[in-house]
Amino acid sequence: MSIILFDTAHQSMLPLTYAKPVSELRIGILTIREKWEKRLKSSISYKTEDYLQEKYPLKITHDNLIINSSLVANDTITKEIQSLELNEALIQDKTILAIRLDGVDAKSMIDTNELSDDVIAKKSQANAIQITRPYHIFSHNAQALQDDFDLLTKGRTSQPISTTNTVLGKENVFLEKGAKVECSILNATSGVIYIGKNAEIMEGCIVRGGLGMCENSVLKMGAKIYGATTLGTYCKVGGEVNNSVLQAYSNKGHDGFLGNSVIGEWCNLGADTNNSNLKNNYAPVKLWDYITGRFGQTGLKFCGLSMGDHSKCGINTMFNTG
């Protein structure tokens, strides 16, 4: 069976998706693609924007499971999708989450974005997370962290935690091989703390979970982290960070505040960069909508910075709310 991740929210996820499909975005510990690969135990192909299709190829076979790329995998939705037969679709709130088709029907759907009349729709009971706006990434990061933590640590034992640390909720802390943590405070009573392979928490850091640190990421000395935060592969972070997700290879290496934000890949925030995540009048935050070409309501009181791949800012930069 061929597994295809189908982009339906590519435009609404800009600026995070200019250089990648939606399924390459990270939420929790893993990217959306990695979540599906681990649960379905299969390689993935993509249906995305034409200019990205060569780098992210599409593979159609005689039996195809097509999954909405904005859908975040968990155990419940995975079981529902695995139970689909040919010409059956799984829906939630009139949105197609997944559909299983043969080669001819799959090609027709991908070319026209329309379903044949003989498809049987089944309603999902999973209430799964869908990522269709940039702010959904940090808004749902706490649940995604817990789901990924459970998936990655099931049946495994954490590496020992150094006695130089103060640890609360030790059962919710997991260190992969090569992870280093010394002279820091880890409070996992309100959320899990996952420290990936060769990742490091330097001395003097104060962490309140959830926190997901991916492979080779670094939390620099004296950093303060809280509110379901993710550091992607090779990210380096210092200062104060609240409920933010850095995708991969990005740096916030110095003091300054980052809150309720999503930072793409290969970004760099100069020393003492700060972002606002709350309006002075406490009103709901508006965010630029790339589809309508105007600002739209998020419904959020706290909403910070969305930064696309390869963006950079100089020292002492201040970003307004949203």
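In what order do the six strands of the open sheet lie? In this predicted model, the order is β2-β1-β3-β5-β4-β6, with mixed pairing (two strands pair if DSSP finds at least two bridges between them). At the edges lie β2 and β6 (120–123), each of which pairs on one side only. Helices (H or I, at least four residues) and strands (E, at least two) are DSSP runs, numbered from the N terminus.

A word on the model itself: it is predicted, local features need pLDDT of at least 70, side-chain atom pairs count only at pLDDT 80 or more, and totals for chains, interfaces and linings use all residues. Residues are numbered from 1 along each chain as its sequence is written, and side-chain values use heavy atoms, with hydrogens and water left out.

Within the sheet, β1 and β2 run parallel and are joined by four bridges. Leu 5 stands opposite Tyr 46 in β2.

Helix α3 (residues 103–112) offers a friendly place to look next. Its residues Gly 103, Ala 106, Met 109 and Ile 110 are buried (under 20% relative accessible area, with exposed meaning over 50% and partly exposed in between; 1.4 Å probe, protein chains only). Seen down the axis of α3, these buried residues fall within an arc of 130°, so they line one face of the helix; the arc is that of the directions from the helix axis to the C-beta atoms. Val 104 and Asp 111, on the other side of α3, are exposed. The buried residues of α3 pack against β1 (2–6), β2 (44–47), β3 (64–68) and β5 (95–101), contact meaning heavy atoms within 4.5 Å.
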